[in-house]
Amino acid sequence: MLMFLLLGICTSFTAQSQRLPEFLDIKASDIFPGADRLGPPEGKPMVARAYAGENQLGYVYLTSDVVNTRGYSSKPIDTLIAIANNGKIVGAKLVQHHEPIVLIGIPQSKVDHFIQGYVGLNFVDSPPRAGSPTPVDIISGATVTLMVIGDSITRSAIGVARVYGIGATQSGVALAEAEAPAKRVIDQDKTEIMSWDELVEVGAVRNMHLTIGDINKGFQETGRKNAIDHPESGDPDDQFIDLYVALVSVPSIGRSLLDETEWKRLQERLKPGQQAMLVVGNGPYSFKGSGYVRGGIFDRIEIIQQENSFRFTDSSHKRLADIAAKNAPRFKEVALFVVPEDAVFDPLEPWRLQLMVQRIISVKEKAFVTFDLAYTLPQAYTKADPDAVVAAPASPAITTTESARTTAETEFEAAPPIWKQIWRAKTGQVAAVLGALLLLVGVFFFQDQLTRRPVFYDRFRLVFLTFSLFWLGWYGQAQLSVVNVLTFTSALRTDFRWEYFLMDPVVFILWCATAISMVFWNRGAFCGWLCPFGALQELTNRIAKRLGVKQITVPHGVNQRLSTIKYVVFIVLFGFSLYELSVAEQLAEIEPFKTAIILKFVRYWPFVLFAVLLLAAGLFIERFFCRYLCPLGAALAIPARLRVFDWLKRYRSCGNPCQRCNIECPVQAINPEGDINPNECIQCLHCQMLYHHDQKCPHLIQKNAKRQRPHKPAPNSIPEETVVRFTPGSPTVRPRDMKPES
C-alpha cells in the first residue's frame with residue numbers, strides 16, 4: 001500500500017504544447033459563468049470560444065499553451081482561464097501541476113483562493129506595470145509556485161488578448177503587425193576583448209541599482225498596509241542590491257567577462273542555439289535566494305521575454321569566483337547560468353530579468369514586489385543573416401510591462417542582510433527554543449538526579465513532550481524532515497552558503513543542536529525529546545495505555561529486521577535526491593510530518609488516512625513510525641557510532657540474568673544481552689530510572705535485601721567475648737573449638 005501511495009505521488013507528466021483539449025471535458029458554466037457550451041479548440045495559442053446560445057461571450061484557454069512557465073517541479077502549471085470579450089477574467093481553475101509544495105505541503109484550498117483573486121481583473125484595460133504585486137497575498141512557503149501561477153495568468157491574458165483582438169479598442173497593447181525587419185543573427189566573428197567600463201557603456205552589461213528607499217517605495221505603491229508598516233531599516237539611500245546581467249554566449253561579451261578556460265568550458269557545454277547569462281550582484285540582498293537550496297530552483301530571479309519565461313535551476317548554475325574583464329569591480333555573488341534547453345528564448349529580442357524582493361511581515365507572513373532589469377543585445381554584436389531575406393516579426397513586446405522603474409546610480413553602505421532581519425523578527429521564538437535546549441542539556445548532564453525521582457521524571461518528560469508537540473510543532477512549525485538532510489547534501493555538492501540555511505532561525509537552531517548532540521547522545525536528543533511527531537506518538541500511546549489498550553511486544557529478531565526498513569527508505573530517498581531533488585521531496589511524503597504537524601491534519605484525505613494509520617499503529621506498538629519507517633531517524637542514526645561519550649549506566653547483571661530494562665524499553669533498543677543499541681536508542685532515560693529504582697531494579701532489590709538481612713553467627717563460630725588472641729609466650733591451652741589466628 002505504501003509503495004503504491006509513493007508511486008502515485010511521484011508520477012510525473014511530460015509537458016506538451018497545445019494541451020487545451022485534455023481539459024475541456026467540463027461543464028461550460030463551471031469555468032465560464034453564463035456559458036452553455038464551448039466551441040471546438042482552435043488557433044494558436046489554442047482557445048475554445050464560450051457561447052450562450054449563439055452569442056459568443058469570450059474565450060477559454062490553458063495558460064501553459066500560451067506562456068512557458070514552470071515552478072519547483074520544472075513541469076508546467078496548468079491553469080484554465082476564461083476571458084470575456086472585453087478582456088475581463090471571469091473564471092480560473094488550476095487543473096494540473098506537479099509542484100512539491102502543493103502536493104505535500106500547501107492545502108489545495110489556499111491555492112484555489114489565490115487563483116480566484118484574479119477573477120474580475122482586466123489586464124487588457126489596465127495592463128500591470130513592473131513591480132506591481134499579486135492581487136492576493138502570497139502564501140508563505142509557496143512563493144515560487146504562486147508567483148509562477150499569478151505571472152502566467154497575467155501574461156497569458158495579455159497574449160491571448162493581443163492575438164485574438166480582445167478589447168482592442170480599449171487596450172493599450174499594440175495589435176498591428178509592424179513591417180517585418182531583416183533577420184539578424186549573432187556575429188560569431190566578433191571576438192573583441194573589452195573592459196568592464198566599455199561593456200557597460202555600450203549596453204552589453206546592464207545594471208539595476210536599488211536602494212532601501214526604492215524598496216520601501218515599491219512596497220508603498222502596492223497599497224498593502226501590512227507591507228508598508230514594516231519598512232526596511234536603514235538610510236533610504238543605502239544600497240539594497242546592485243545587479244548586473246550580460247549575455248555571455250555572445251563571443252565578444254563572453255570572452256571579455258570570462259577567462260579563457262571558463263569560456264572554453266562554456267562552449268563545450270552549450271548546445272547549438274543555447275544561450276548563457278552572467279548575473280552578478282553586490283549588496284545585502286541576494287539574487288540567488290534560498291529556493292535553489294531547498295528545491296533546486298532560483299526563486300528570486302526570472303527571465304521574461306514576451307509571453308515566455310523561465311527560471312534557472314541548480315543544474316544550469318555555476319558559481320564563479322570573479323569576473324575576468326579589466327577594471328571589473330569585486331562582486332559578492334557571481335553566477336553563470338545556462339538557459340534551459342526547453343526554454344523559449346531569442347537572444348536578439350528584448351528580454352528582462354525580474355527580481356523578486358520579499359519582506360518579512362511576521363512569523364508566517366511575507367510580502368513581495370518585483371523589479372525589472374531590461375536587456376537588449378546591442379546591434380553591434382549582430383549581423384544580417386545572409387541566408388534569410390526577411391523574417392516574420394516576433395510578437396510585439398508588452399511595452400507597459402517593459403518600463404522598469406528608474407534607479408539611482410550611486411553606491412552606499414550595505415544594510416543588514418535579510419536573514420538578520422528574519423532573526424530579529426523571531427527573537428521571541430529564538431529565545432524560547434534556546435531556553436528549551438538549555439533545559440534539555442541540563443536534563444542529560446544531571447540525568448542521575450532526575451531519574452532518581454521517578455514521579456518527577458515522568459511528569460517532566462510529559463510536560464517537555466507536550467511543549468515539543470504544541471509549541472515546536474503546531475505553533476513554531478519547526479518539524480525537522482529528511483528533506484532538510486537531502487537539501488543540505490545537495491547544497492554541499494552545488495553552492496553551499498550559510499545564509500540560505502539561516503532563513504529559518506528555529507529550524508537552523510534545532511539542526512545545529514541535533515548535530516552537536518549526536519556527538520554526546522547520538523540521535524536521542526532530537527528523536528526522543530524534540531521531534532513533534534515523535535512526541536505525538538508517545539503522548540497518544542500514553543493515552544492508549546491509560547485506556548487499557550494492550551501493547552504488542554515484537555520479538556527481538558523480528559524487531560531487528562523491521563528496524564532496517566527505515567535505512568532502506570533513507571537510502572532510496574538519498575539516491576533519488578542525487579537524480580532529482582524534487583522527486584526525492586515527493587517521495588519523502590512517507591514522513592507524515594507535513595500532514596500531522598505542519599498542516600494539522602487539514603489536508604486531502606489519503607494523506608490524513610496515512611498519518612492516522614501510523615498513529616493508530618503507535619497505539620499498540622509505541623513509536624511505531626520512529627522504529628521502523630522514519631528516514632530522518634535513519635539519517636541521524638548512521639553517524640551514531642561516532643559519539644564520544646556513553647552516558648547510560650548498566651550493571652553486570654543487566655541482560656544476564658536480568659531482562660527488565662530490555663522488556664520495558666519503549667522502543668526495544670536494549671538487546672537481550674543487556675547492551676544498548678545506540679542506533680535505536682532515543683535517550684528517553686527510562687532505563688536509567690530503572691537503574692536507580694530500588695523497588696523495580698532486581699539488582700538493587702537483591703543488594704538492599706542483603707543489606708537489610710539480620711546478621712546470624714555462622715555454624716561452629718565462637719562468640720566474640722570468648723575469643724582469645726594468642727601471642728608468643730602465651731599458654732598453649734585454648735578452648736576446644738577455637739582455631740588459632742592465621
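**Helix α8 and the five-stranded sheet**

Let me start at the end of a helix. Right after α8 comes Gly223, and its phi is positive, near 80°. A reminder before I go on: this is a predicted model.

Now the helix itself. α8 covers residues 212-222. Which of its residues are buried? Ile212, Asp214, Ile215, Asn216, Gly218, Phe219 and Thr222. What do these buried residues pack against? One helix is on the list: α9, residues 225-228. The strands are β7 (205-211), β8 (239-247), β14 (351-360) and β15 (366-375).

Two of those strands, β7 and β8, take us to the sheet. The sheet is open and has five strands. Read across, the order is β7-β8-β9-β13-β12, and the pairing is antiparallel. β7 and β12 are the edge strands, each pairing on one side only. β12 spans 317-319. From one strand to the next, the twist averages 20°.

Stay with the β12 edge for a moment. β12 is joined to β13, residues 333-338, by three bridges. These two strands run antiparallel. Look for His317: it stands opposite Phe337 in β13.

Next, the helices on this sheet. α8 packs on it and touches β7 and β8. The direction of α8 makes about 75° with that of β7. α11, residues 260-269, packs on the sheet too. Where does α11 touch? At β9 (276-282), β12 and β13. Its direction makes about 30° with that of β13.

To recap: α8 touches β7 and β8, while α11 touches β9, β12 and β13. And Gly223, with its positive phi, follows α8.

Notes. Residues are numbered from 1 along each chain as its sequence is written. This is a predicted model: local features need pLDDT of at least 70, side-chain atom pairs count only at pLDDT 80 or more; totals for chains, interfaces and linings use all residues. Side-chain values use heavy atoms; hydrogens and water are left out. Buried means under 20% relative accessible area, exposed over 50%, partly exposed in between (1.4 Å probe, protein chains only). Helices (H or I, at least four residues) and strands (E, at least two) are DSSP runs, numbered from the N terminus. Contact means heavy atoms within 4.5 Å. Two strands pair if DSSP finds at least two bridges between them. Axes are lines fitted to C-alpha atoms, for helices over the stretch in contact, and angles run from 0 to 180 degrees between N-to-C directions.
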